[in-house]
Amino acid sequence: LIRTLYYYFHVGGHNEKIHERQDLDTVNWLLRYPDPCPQQGLGNDCAIFTCKNMECLARRDTQGFPFTQDDMPSMRARFTVHLIKAYFNAQERSEHI
């Protein structure tokens, strides 16, 4: 049984080091590197890139991945607002228990 691993690497292209990992059995896995995959320009955006990639995958909106490095400031702001709202919603719900 061959399984497929889609590897979304957003820092400087494909990272072949996944083949060198001793704890991964890649023999029965077919590795795919989806292209295009948005590329991260700054070192401090990896969490935002990861979250945005996961959001696109969850929504099945991977055709060209609708974001770039230039979108990071607005995405960081949107994630911040979302997290703050979620925090206060959770606080409000816990008060009603």
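1. Tyr-87 is placed in helix α2, which spans residues 72-95; helices (H or I, at least four residues) and strands (E, at least two) are DSSP runs, numbered from the N terminus. Tyr-87 is partly exposed, with a relative accessible area of 46%. On this scale, buried means under 20% relative accessible area, exposed means over 50%, and partly exposed lies in between (1.4 Å probe, protein chains only). Together with Ile-84 and Phe-88, Tyr-87 forms a nonpolar patch on the surface, and the three residues have about 330 Å² of accessible area together. Patches are made of residues with over 30% relative accessible area and no salt bridge; like charges are joined within 9 Å, and nonpolar side chains (Val, Leu, Ile, Met, Phe, Trp, Tyr) within 5 Å.

2. The model is predicted: local features need pLDDT of at least 70, side-chain atom pairs count only at pLDDT 80 or more, and totals for chains, interfaces and linings use all residues. Residues are numbered from 1 along each chain as its sequence is written, and side-chain values use heavy atoms, with hydrogens and water left out. The term pLDDT denotes the predictor's confidence in each residue, from 0 to 100. The protein has a mean pLDDT of 79, and 77% of its residues reach 70 or more. Confidence is lowest in strand β2 (residues 29-32), at a mean of 80, and highest in α2, at 90.

3. The secondary structure comprises 2 helices and 2 strands, and along the sequence the pattern is β-β-α-α. Of the 97 residues in the protein, 20% are buried. The protein exposes about 7,500 Å², of which carbon and sulfur atoms supply 56%; such areas come from the Shrake-Rupley method with a 1.4 Å probe, and for residues only the protein chains shown count as cover. Among contacts (heavy atoms within 4.5 Å) between residues at least 6 apart in sequence, 61% join residues at least 24 apart.

4. How many salt bridges does a search of the whole structure find? It finds 3, a salt bridge being a side-chain nitrogen of Lys or Arg within 4 Å of a carboxyl oxygen of Asp or Glu. Side chains of opposite charge can pair when their charged atoms come close.

5. One salt bridge joins the side chains of Arg-76 and Asp-45, at 2.1 Å from N to O. This pair links distant parts of the chain, 31 residues apart, with Arg-76 in helix α2. Arg-76 is partly exposed at a relative accessible area of 33%, whereas Asp-45 is buried at 0%. Pro-73 also lies in helix α2 and counts as exposed, at 51% relative accessibility. The C-alpha atoms of Pro-73 and Asp-45 are separated by 9.3 Å, although these residues are 28 apart along the chain.

6. Glu-55 forms a salt bridge with Lys-52, with the closest N and O atoms 2.8 Å apart. Both residues lie in helix α1, 3 residues apart, about one turn of the helix. The side chain of Glu-55 also meets that of Arg-59 in a salt bridge of 3.1 Å, N to O. Shared partners thus join Lys-52, Glu-55 and Arg-59 into one network. Within this network, Lys-52 is buried at 14%, Glu-55 is partly exposed at 27%, and Arg-59 is exposed at 61%.

7. The structure holds 0 disulfides, a disulfide being a pair of cysteine sulfur atoms within 2.5 Å. For Cys-46, the nearest cysteine sulfur is that of Cys-51, 9.7 Å away.
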